[in-house]
Amino acid sequence: MNTIIWWESQIERDYIYLLEIDPTVQSYRGQPFKITYISKGVTKNYTPDFWVQRIGQQQVIEVKPASQVNDQKNLDKWRHISHLCEERSMRFMVVTDTMIRQQPKLDNIKLLYKYARSPFTLQQYLDCQCYFTSREPTPFKQVCHDLERKGIYPNLLFKLLYFGWLSTDLMQSIGAASLIQLSQFKGDVQALLLDV
């Protein structure tokens, strides 16, 4: 999002990593607004952890440890919130730590994030586009070997994976044998070339 996003727990921080790399996410905000509702005659306020604009859908997200999902107090609150969100054409969702912290996916995303700011030139972009166009999924080690003479090193390939221009199976640890290819969700070229 190219801005500071506030989070209140490590689980929320990890969820931000998932939002940042998800090609269906157009924008999101942390602690976006307050929702007022009445429960058992008492007026209460609720602040969602996130508001997410996805392609074709707005979501109000609550991030919670899985151990707290079946707490009756939470279930009562979420029932009210879900109804109010539905009235406003938004979908309320509870996302748990077990949903967020799927491994090795989360560790892969954190690895790719480290290289998101790697400088990337237009010529490197064109060289990558030429290399990957009409190419079958290729092992990471082979791609590194083939592109090294063009000045394209692993850090730049990680950047392309992070921005969604390339894809790989994030449910497998990224390594020499990881197959990479052009993504169907080619990210914004401008974002690749800027030092974000």
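# Close-up views of a predicted model

Among contacts in the protein chain between residues at least 6 apart in sequence, 62% join residues at least 24 apart. The model shown here is predicted.

**View 1. The whole chain holds eight helices and nine strands.** The protein chain has 196 residues, and 42% of them are buried. Its C-alpha trace spans about 70 × 30 × 25 Å along the principal axes.

**View 2. S1, S4, S5 and S6 build an open sheet of four strands.** The strand order is S1-S4-S5-S6, and the pairing is mixed. Strand S1 (25-30) and strand S6 (90-96) stand at the edges. Each has a single partner strand, so one side of each is left without a neighbour in the sheet. On average, neighbouring strands of this sheet are turned by 25° against each other, direction ignored. Strands of a sheet pair through backbone hydrogen bonds, either parallel or antiparallel.

**View 3. Strands S5 and S6 run in the parallel sense.** S5 covers residues 57-64. Seven bridges pair S5 with S6. Which residue of S6 stands opposite Gln58? That residue is Met90.

**View 4. Helices H1 and H2 pack on this sheet.** Helix H1 (residues 10-21) touches S1, strand S4 (50-54), S5 and S6. The direction of H1 makes about 10° with that of S4. Helix H2 touches S5 and S6. The direction of H2 makes about 150° with that of S6.

**View 5. The second largest pocket holds about 170 Å³ of space.** Rolling a probe the size of a water molecule over the atoms shows where empty space is left. Strand S2 (35-39), strand S3 (42-46) and helix H2 (72-87) each supply at least two residues of the lining of this pocket. Which element gives the largest share of the lining? H2 does, with five residues. Lining residues include Tyr37, Val42, Lys73, Asn74, Asp76 and Lys77. By class, the lining has two nonpolar, three polar and five charged residues.

**View 6. Ser39 sits in strand S2 and helps line the second largest pocket.** Is Ser39 buried or exposed? Its relative accessibility is 10%. Buried means under 20%, so Ser39 counts as buried. Leaving aside residues up to four places away in sequence, Ser39 touches Lys44 and His80. Both Lys44 and His80 also line the pocket.

**View 7. S7, S9 and S8 form an open sheet of three strands.** The order is S7-S9-S8, with antiparallel pairing. Strand S7 (138-139) and strand S8 (166-167) are at the edges. Each of these strands has a single partner strand, so one side of each is left without a neighbour in the sheet. Two bridges join S7 to strand S9 (residues 179-182). Pro139 has Leu179 in S9 as its bridge partner.

**View 8. Pro65 lies in the loop between S5 and H2.** The relative accessibility of Pro65 is 21%. Buried means under 20% and exposed means over 50%, so Pro65 counts as partly exposed. Which residues does Pro65 touch, not counting residues up to four places away in sequence? They are Ile11 and Asp97. Pro65 and Pro139 are 74 residues apart in sequence. In space, Pro65 and Pro139 are 36 Å apart, C-alpha to C-alpha.

Note on methods:
Residues numbered from 1 in each chain as written. Predicted model: local features only at pLDDT ≥ 70, side-chain atom pairs only at ≥ 80, totals over all residues. Heavy atoms only, no water. 1 Å grid on protein atoms, 1.4 Å probe; cavity = no way out; pocket = protein on both sides within 12 Å on 5 of 7 lines; lining within 4 Å. Points joined across faces, edges and corners; volume = space filled by probe spheres on them. Nonpolar A, V, L, I, M, F, W, Y, C, P; charged D, E, K, R; others polar. Pairing = 2+ DSSP bridges. Axes fitted to C-alpha atoms, helices over the stretch in contact; angles between N-to-C directions. Contact = heavy atoms within 4.5 Å. Buried < 20%, exposed > 50% of the residue type's maximum accessible area, 1.4 Å probe, protein only.
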